[in-house]
Amino acid sequence: MAQFSRDSIQTDFVLYQRRIDFDKSLKNRTIKASFAEPLNAETEDRYREACWAISQFLFQSPEIENGFRKMFAQYESLENSTKRALLEAVYGAYPALFENEIKLLIKQEKMPKLFAMQAIYLFRLHHTDADKKALFTLLNSNFKNLNRDNLLIELKDYLNEHEKLSNTKIPNLTSLFQFQKNSGLKMIYSFQRWNRDYPGLAIIQNADGSFIRNSNGNLQVFEQLARSASDLPYFITNGSSPQGAYSIQGTAVSHNNFIGPTPNIQLVMPHETDSVYWQLPYDSTKDKLTNYLSLFPEDWRNYQPMKESFNAGKIGRTEIIAHGTTIDPEYFKDKPYYPLTPTMGCLCAKEDWNIFNGKFLGSDQFNMVQAFVSSPGNNGYLFVINLDNQLKPVSKEELENLVSQFEKK
């Protein structure tokens, strides 16, 4: 894979006037004007589009609250895609305001994904044993065959296990690094916190097992946010990036304005495209989960969080890649992850653009791709791993220490 030219990467989408015009259109036309209209079959798609915009940029305003109330009032008449857009926007932008509306909806909800989104909204607010019991009672009464639905199975596990898992120490990373060295493939590790408000760091392990370092001998790290804008759980569409193993399928350039022109790293989840996911020998005498767990050393195979990408893929999540961003970070200036920008579930690296000529001033995405293609081998696996539940960004010093422990063995 050839190196990329920094000077050839440019986009008009980040230019000062384009950002001003986009912001004005987004707030005034996409949201404010849409929500000012009566909600009916002719305007529903505009309401839905407004919800998607609110989900991505986490806007709040009296007009938005009134628009949401109109949608809740006519919830039963809405298309399922509009219901989902509403619930995602409310979950992301208004984590507590619409509790009463959600409590009413969940009693009658028969669509598994919508029920799960409602349950997670309430669970985030109140998660005592009594609250969980109430949600399980509704789950069992609303869905008679819930053990046949992969999403509802994952919802049950999430309600039962999430808090405990977030306080569980991860297995030994030295054994993971050594195991992947023996595989002969290149690896990217994206280390995150359980609270995805705090950015993570990615590092690269060459096919020979060495880690990529700069000319000064320091470990190369790349800032990366694994938080979706809504921060829904990993098993919900547009939720934050699942933990686990993704198959690297080279690089590509997106035509999506928000992602931008910096080369991205193409990833495939288990169940998404099985013909390319398996880069190590697949044992056809064993089931798919057993084959998936063979990507990890033995002491990692019973660590439940590593199954997130497997289970999310089984439910139907797709198209999670590692990319850059052209989104104006000022939308998120009060967030812990600023100046990084959230996505719809991908791994998003930090990029800083020149708003006068459309070229980047600095790009962890570009640097990561360049580092990845600088050594032999095109493919490998990317692992997303939550280190712990500290309420701060993952630091370079932490990763230096972890890699040093491996290198001393």
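**Close-up views of a predicted model**

**View 1. P305 is a buried proline, with a relative accessible area of 1%.** This is a predicted model, and here we zoom in on one loop residue. P305 sits in the loop that links helix 11 (288-293) to helix 12 (308-315). Leaving aside residues up to four places away in sequence, P305 touches L165, W194, Q243 and G244. Take G244: 61 residues separate it from P305 in sequence, yet their C-alpha atoms are 7.0 Å apart in space. At 1% relative accessible area, P305 falls under the 20% cut-off, so it counts as buried.

**View 2. Helix 9 and helix 14 meet at an oblique angle.** The players are helix 9 (residues 173-183) and helix 14 (residues 396-407), whose axes come within 9 Å and cross at roughly 60°. The crossing of helix 9 past helix 14 is right-handed. On the helix 9 side, the contact uses L173, T174, F177, Q178 and K181, while helix 14 brings in L402, V403, Q405 and F406. Sorted by class, that contact between helix 9 and helix 14 comes to five nonpolar, three polar and one charged residues.

**View 3. Cysteines, but zero disulfides in the whole structure.** Look at C346, which is in no disulfide: the nearest cysteine sulfur belongs to C348 and is 8.2 Å away. A disulfide here would need the two sulfur atoms within 2.5 Å, so C346 and C348 don't make the cut. C346 is buried, at a relative accessible area of 10%. C51 is buried too, with a relative accessible area of 0%.

How values were computed: Residues numbered from 1 in each chain as written. Predicted model: local features only at pLDDT ≥ 70, side-chain atom pairs only at ≥ 80, totals over all residues. Heavy atoms only, no water. Buried < 20%, exposed > 50% of the residue type's maximum accessible area, 1.4 Å probe, protein only. Axes fitted to C-alpha atoms, helices over the stretch in contact; angles between N-to-C directions. Helix = DSSP H or I, 4+ residues; strand = E, 2+ residues; numbered from the N terminus. Parallel < 35°, antiparallel > 145°, perpendicular 65-115°, else oblique. Left-handed = near helix turned anticlockwise from the far one by under 90°. Contact = heavy atoms within 4.5 Å. Nonpolar A, V, L, I, M, F, W, Y, C, P; charged D, E, K, R; others polar.
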